[in-house]
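Below is a report on the sheets, helices and nonpolar cores of one protein model. The sequence and structure come first.

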Amino acid sequence: MLVPKPVILVIDDSPDTHKLVRFLLRKCHADIHHAMRGRDGLDMAVSLDPDLILLDYDMPGLNGMEVLRRLRSNRSFASTPVIFITGSTEESLIADVFASGANDYIRKPLLSTELVARVNACLKTHSLLQELNHRARFDELTNLPNRWSMLQNIAQALEKQKLDHRESFAVFHINFDRFRLVNESLGRAIGDSLLKEAAIRIQRVIASDDISQNGCRPQMAARLDGDEFVVLVREVTTVHDLNAIAEKMIEALSDRFSISLNNLYIDCSIGIAVSNIKYVSAEELLCDADTAMHAARELGRHRYCLFVEEMRGKAQSRLALNTNLRNAIEKNEFELLYQPVIQLKTDAVASVEALIRWNHAPYGMINPEKFIPFAEETGLILEIGEWCLHAACRQLAKWNRDVPESSPKTLNINIARQQLVHPAFLDDLKRILNDTGVDATAIHLEITESEMMKDTSLAIRVLNELREFGVKIDI
């Protein structure tokens, strides 16, 4: 990749100084431009956006100090390095130069070694600051603007809307369903490549000429974190325009991804929040778009949903559920019920299946279909699943000890896919069986076939390890 030459602008009224600077900096491989007057230098700075300005103090018209003040009052040049050139030896002048925002100064007559050293130092510092600024504003993986940049743009759009209520815009929150499975089964490198390709597709939709509907079009895309992307859409006039953009996004992201010989398909959900004068912060608007995204995910694959006020209450309920679930683990609010499997010939209990229930203080007994899907989505299923294994094995050991003649011979326990593919699962299971004294052959782990089929190669490896250990799998 070719590294662009640094752009240096020399503002000085002496032709001899220009010739000398060009000669002395010939080995710096810079693109040098010249202005003979202060006002011309200001105009050229706007068009060139230089990496460094060499500025003479004593010029007719606008002198160097006034040029420097005007440069620093312009946000575009607030951090552009400026080296002052002066023949004066007055200490007060040098103090004023630095007070006005100069980065360095050099006295005439110009000396080759000194000029080159100061120029290189300023260019190196400026390059480093630019890199740091870029990292602060852009996502390192996709090179899209990051969360901070998007929030700044949304905030600016909100301010503009306050001045003109007709300036309506929308925020699209895009999230991939079950993206974690890609990282778990194929590795983070494949997941990162998938995210980079997804970012390219989103940018293509934004740049597409046929996306515009009545002036409504996406303005910028950003990556927030993980598999979360946000698109800012300006000049919104109708819901039809937003639907058209969302459908274009889904169409682009639903096509096959070919990543390192892997053909992958991902489902995406899109939440849309439209601005209005009630919003007081960018975070609030972004939060509503995220809420709409979760509502879209509940509708099924490749869906989008427009935020409405009723969703906020549901989002708050989800937050409360998350908090209560975490507290339930700490407070030991879960309990297991046991469904017997009866042998008809002898009426003996051949086996039992452990069924989890949540004994929530205000709401009473809560069935698993109310909280297990949310636990799987948030990752809390790992802690809950480990508790189930331990509690069920502890109960079987107690039956074996207290009523050995009627104790069930086997114990069926439901597990989630996240548990099965977790690297520590087998070690944790061995530890639990060792702690409780339950034999591995008495344990049957139940998992749905559809969950197993999401990654057959990984499933086969785990199943073989469990079989060697003696644990049975019921699909």
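## Q419 and helix α14

Q419 belongs to helix α14, which covers residues 417-420. In this predicted model, Q419 has a relative accessible area of 5%. That value is under 20%, the limit for a buried residue, so Q419 counts as buried. Apart from neighbours within four places in sequence, the contacts of Q419 are I381, L382, G385, E386, L389 and F425.

## Nonpolar cores

The largest nonpolar core is made up of 42 residues. L325, L445 and L466 have the most contacts inside this core. Helix α13 (residues 381-402) contributes 9 residues, the most of any element. With neighbours within four places in sequence set aside, L466 touches L420, F425, L426, L429, L445, V471 and I473.

A separate, second core holds 35 residues, among them A198, A221, I250 and L264. In soluble globular proteins, nonpolar side chains tend to be buried together.

## The parallel sheet

One open sheet has 5 strands in the order β2-β1-β3-β4-β5, with parallel pairing. Its edge strands, each paired on one side only, are β2 (31-35) and β5 (104-107). From one strand to the next, the twist averages 20 degrees.

Strand β1 (residues 7-11) pairs with β2 in the parallel sense over 5 bridges. V7 has D31 of β2 as its bridge partner. Helix α1 (residues 15-24) lies across β1, β2 and β3 (52-56), and runs at about 175 degrees to β2. Helix α5 (residues 112-137) also packs on this sheet, where it touches β1, β3, β4 (82-86) and β5. The direction of α5 makes about 170 degrees with that of β5.

## The mixed sheet

Another open sheet of 5 strands follows the order β7-β8-β6-β11-β12, and its pairing is mixed. Here the edges are β7 (217-225) and β12 (303-306), each of which pairs on one side only. The twist in this sheet averages 20 degrees from one strand to the next.

Within the sheet, strand β6 (residues 169-177) and strand β11 (residues 267-274) are antiparallel partners over 8 bridges. F176 is bridged to C268 in β11.

## Helices on the mixed sheet

Helix α8 (residues 188-207) lies across β6, β7 and β8 (228-234), at about 165 degrees to β7. α8 also packs against helix α9 (residues 239-254) at an angle of about 145 degrees, and the two axes are 9 Å apart. The crossing of α8 and α9 is right-handed. On the α8 side, the contact is made by A198, R201, I202, V205 and I206; on the α9 side, by K248, M249, A252 and L253. A198 is also one of the residues of the second core.

Helix α10 (residues 282-299) has 18 residues. Its first and last C-alpha atoms are 26 Å apart, close to the 26 Å expected at 1.5 Å a residue. α10 lies across β6, β7, β8, β11 and β12, and runs at about 140 degrees to β11. The buried residues of α10 are A282, L285, L286, D288, A289, T291, A292, M293, H294, A295 and A296. After the helix comes G300, with a positive phi near 130 degrees.

Conventions:
Residues numbered from 1 in each chain as written. Predicted model: local features only at pLDDT ≥ 70, side-chain atom pairs only at ≥ 80, totals over all residues. Heavy atoms only, no water. Helix = DSSP H or I, 4+ residues; strand = E, 2+ residues; numbered from the N terminus. Expected span 1.5 Å × (residues − 1). Buried < 20%, exposed > 50% of the residue type's maximum accessible area, 1.4 Å probe, protein only. Core = buried A, V, L, I, M, F, W, Y, C linked by side-chain atoms within 4.5 Å. Contact = heavy atoms within 4.5 Å. Pairing = 2+ DSSP bridges. Axes fitted to C-alpha atoms, helices over the stretch in contact; angles between N-to-C directions. Left-handed = near helix turned anticlockwise from the far one by under 90°.
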